[in-house]
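Grab a pencil and work through these short exercises on the fold below. Each task comes with a solution in steps.

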Amino acid sequence: MSQWKEIDANAKKWLKEAGESIKASFENKLSVTTKSNPNDLVTNIDKETEQYFIQQIKNSYPDHRVFGEEGFGDEIETLDGIVWIIDPIDGTMNFIHQQRNFAISIGVYKNGKGKLGYIYDVVLDELYHAEAGSGAFLNDAAIPKLEKTPVSKAIVSLNATWVTPNKRIDHQTLTPLVKDVRGTRSYGSAALELAYVATGRLDAYITMRLSPWDYAGGKVIVEELGGKVTNLEGEELDLINPSPVFACKPGLHEEILHKYLLNEKK
Ligand code: 2AM
Ligand code: CA
Ligand code: CA
Ligand code: CA
């Protein structure tokens, strides 16, 4: 078995096992604490799930490093070698309030290049996955390449925060886009929003601040299908620092970037 096929088989096995533990946890009372602000939540299950992946990865691949949201992995300053970028539960608020609309997200990178991407919707048992250069899948079904869509027919995922006064973007910047698109949505899980861009349920996703673990898995999947995952200037994301993220179908990426985000006149 090739190196990546073996890593892929292990990643899938661990995702299913972690998913079973998360579903079993619905029976128990959660321990919820806050992080940077009263709405930035974390539970014992986020922490336990991250620790589970780190233990499995370190057992099988002692020379791989892990970059995880809850901080149990390695201190990551460069992406040299093989790095697993992990969000044990993306959409923690949904996990706590809704027991759905959350996912486990994993990206495996080699020297900064995305090799494997996973987004696992635990409750629906839907695993979105891709190996760079070998196609992207939803469970066993190949996901078709993304087709072009004009702004006028696009559904764009956008949190209402970014069109009301906030500290990250002038709240009027996105008003023309919101007016011109067919519809807007917000799901509260960056990883699932990327999975929906990958499957064409959404045409674009724009958000002002994500960390690498929020998009590392989704970026591999969306790019494998011909989509783009960049910052709001259309530049590459660095996968080390938080930044705005703009994930989009090909063609539409250029249209939104030039007409709305960079505010160029036609
Ligand atoms: P999380 O649930 O793993 O924290 C919510 O709109 C989305 O933004 C989720 O994917 C959430 O990931 C992510 N997010 C990133 N930074 C956040 C923060 N400081 N507080 C809450 N959600 C954050
Ligand atoms: Ca979090
Ligand atoms: Ca996240
Ligand atoms: Ca998380």
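This is a predicted model: local features need pLDDT of at least 70, side-chain atom pairs count only at pLDDT 80 or more, and totals for chains, interfaces and linings use all residues. Residues are numbered from 1 along each chain as its sequence is written, while chains are lettered from A and ligands numbered from 1 in the order in which they are written.

**Exercise 1.** Find which residues Asp-90 touches, leaving out those up to four places away in sequence.

*Solution.* Step one: touching means that two C-beta atoms, placed from the backbone, lie within 7 Å. Step two: on that basis Asp-90 meets Phe-102, Ala-103, Ser-105, Ser-189, Ala-190, Ala-191 and Asp-214.

**Exercise 2.** Is Asp-90 buried or exposed?

*Solution.* Start with the cut-offs: 20 or more other C-beta atoms within 10 Å make a residue buried, 12 or fewer make it exposed, and in between it is partly exposed. Asp-90 counts as buried because it has 30 C-beta neighbours inside 10 Å.

**Exercise 3.** Work out where the buried residues of helix 7 (residues 252-261) sit around its axis.

*Solution.* First, a helix here is a DSSP run (H or I, at least four residues), numbered from the N terminus. Next, list the buried ones: Leu-252, His-253, Ile-256, Tyr-260 and Leu-261. They share one side of helix 7, because their arc is only 100° around the axis, taken from the directions from the helix axis to the C-beta atoms. Finally, their cover includes helix 4 (175-180) and strand 12 (204-210).

Definitions and conventions
Helices (H or I, at least four residues) and strands (E, at least two) are DSSP runs, numbered from the N terminus.
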